[in-house]
Amino acid sequence: MAGQIRDYTDSEARAALPCKWGAVPEGTLPAWVAEMDYAPASAITAALNGAVGRGVLGYPPFGGHGPDGDLEAAFRGFAERHWGWSLPAGATTVVGDVVDGIRLALDHLCPPGPVVIPLPCYPPFREVVELAGREARYVALDPDAERAELDLDAVRTAFDEGARTLLLCSPHNPWGRVFTRAELEAVRDLAAQYDARVVADEIHAPLVLPGGAKFTPYLDVDPTGLSVLSHSKSFNTPGLKCAQLISLRDDDREAIAALPHSANHGWSVLGMIAGVAAWRDSDLWLLALRQRLDVLREDLSEHLAERLPQARMRPLEATYLAWIDLRAYGVSDPATLGRKHGVRVAPGHDYQPGLDGHVRLNIATSADRLEEIVTRLAKALTA
Ligand SMILES: Cc1ncc(COP(=O)(O)O)c(C=O)c1O
């Protein structure tokens with residue numbers, strides 16, 4: 001039971017995931033926002049049910065020690081078991097969510113100057129940089145590149161021109177890439193030449209899929225970097241609001257501790273409780289999830305080969321979010337066309353303004369729905 005993934009029926013999904021399913025009319029299949037059509041791990045449900053039963057609905061405690069255990073200790077255990085990463089105690093700060101953590105880092109911990117964002121990117125990266133009053137410097141991936149790699153020459157040019165922060169999604173959404181240690185070392189060496197800081201959004205780190213790719217925590221390579229992580233994406237709990245900002249530098253922790261409470265207060269006590277249950281007690285469920293996604297990733301390739309043979313997709317090494325190049329079908333906005341045929345995928349231009357013919361497709365659903373999603377997309381593009 002602990003290691004099983006339970007699919008929601010359509011009506012369960014519609015009730016449980018009001019953002020993902022509520023945004024589409026009855027009959028349309030949602031494959032856009034990053035939520036999974038699966039019930040949470042039983043350890044998380046039990047912990048939450050217990051807490052709600054005890055009336056634990058107040059403000060969260062200061063610091064990382066929630067009513068059902070220590071969030072940081074639970075995360076450190078997870079990092080050690082899964083990545084062999086020994087994170088020292090005291091390195092994490094609880095934040096409301098990953099985007100809040102990035103905002104906190106930009107506002108209070110990163111050097112002034114423009115922020116480099118590799119494109120295509122998770123769309124809030126562009127928003128949060130703008131909200132922080134920073135100029136963005138974009139480094140775009142060549143859509144025709146065989147492998148999705150960071151263009152270090154372009155990052156260097158941005159640093160030459162004054163940028164001092166790199167916002168790196170690792171593993172990358174929507175590229176689907178897990179950066180190798182050597183790649184991250186090259187990023188670190190470049191940043192060091194310019195006294196630049198790397199903010200690594202590592203929310204997808206628990207979702208590295210079978211097949212050889214290995215997650216390297218950015219701070220394990222560069223102790224001056226910053227990482228933001230949460231259980232929310234891989235354990236399907238984003239509504240609970242709880243993430244962790246990680247720094248190995250004392251001056252960062254002092255700077256955060258000196259901030260007024262309202263600068264960082266967006267997490268919930270239930271988010272902390274779910275976090276402890278996720279990081280500490282849900283390994284079997286996570287293993288089953290990765291195996292499930294591995295099969296679905298294979299299914300997706302087969303469905304595309306059969307129904308949309310001109311689609312191009314690089315190997316999906318992590319996440320359940322497939323980045324698909326449909327330019328060969330000559331449609332600038334396949335996502336809008338898809339909606340007319342009963343499927344909602346995320347439009348590529350949300351991830352890179354001006355980039356035509358791409359979509360991001362969420363495979364974390366049932367095998368039957370995934371097949372139907374591709375079938376409808378194919379009808380839209382080939383009708
Ligand atoms: C790369 C990345 N960062 C952050 C988030 C959102 O995280 P949160 O809800 O904790 O802000 C997502 C959600 O899909 C994501 O893909």
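1. Start with Asp 201, a good place to look first in this predicted model. An N or O atom in the Asp 201 side chain comes 2.5 Å from a nitrogen atom of the ligand. As for cover, the ligand taken alone exposes 390 Å², and the protein buries 93% of that.

2. Next, turn to the backbone beside the ligand. A polar backbone atom of Val 98 is 2.8 Å from an oxygen atom of the ligand. Val 99 also takes part through its backbone, with an N or O atom 3.1 Å from a ligand oxygen.

3. Which residues are around the ligand? Going along the sequence, you will find Ala 34, Asp 97, Val 98, Val 99, Tyr 122, Cys 169, Asn 173, Asp 201, Ile 203, His 204, Ser 232 and Lys 233. Sorted by class, this shell holds 6 nonpolar, 3 polar and 3 charged residues.

4. Where does the ligand sit? Its place is in the largest pocket, so it may help to keep that pocket in view while you go through the contacts above.

5. Finally, step back to the whole protein. Domain 1 is made of two stretches, 10-31 and 284-382, while domain 2 covers 46-281. Their C-alpha centres are 25 Å apart. The two domains also meet: 27 residues of domain 1 are in contact with 33 residues of domain 2.

Notes
Residues are numbered from 1 along each chain as its sequence is written. This is a predicted model: local features need pLDDT of at least 70, side-chain atom pairs count only at pLDDT 80 or more; totals for chains, interfaces and linings use all residues. Side-chain values use heavy atoms; hydrogens and water are left out. A residue is near a molecule or strand if one of its heavy atoms lies within 4 Å of it. A polar contact is a pair of N or O atoms within 3.5 Å; within protein, one must be able to donate a hydrogen and the other to accept it, and residues adjacent in sequence count only if both atoms are side-chain atoms. Accessible areas come from the Shrake-Rupley method with a 1.4 Å probe; for residues, only the protein chains shown count as cover. On a 1 Å grid over the protein atoms alone, a cavity is a set of points where a 1.4 Å probe fits but cannot get out, and a pocket is an open set with protein on both sides within 12 Å along at least five of seven lines; lining residues have an atom within 4 Å of a point. A molecule sits in a cavity or pocket if more than half of its atoms lie within 2 Å of its grid points. Ala, Val, Leu, Ile, Met, Phe, Trp, Tyr, Cys and Pro count as nonpolar, Asp, Glu, Lys and Arg as charged, and the others, Gly among them, as polar. Domain bounds come from an automatic or database domain assignment. Contact means heavy atoms within 4.5 Å.
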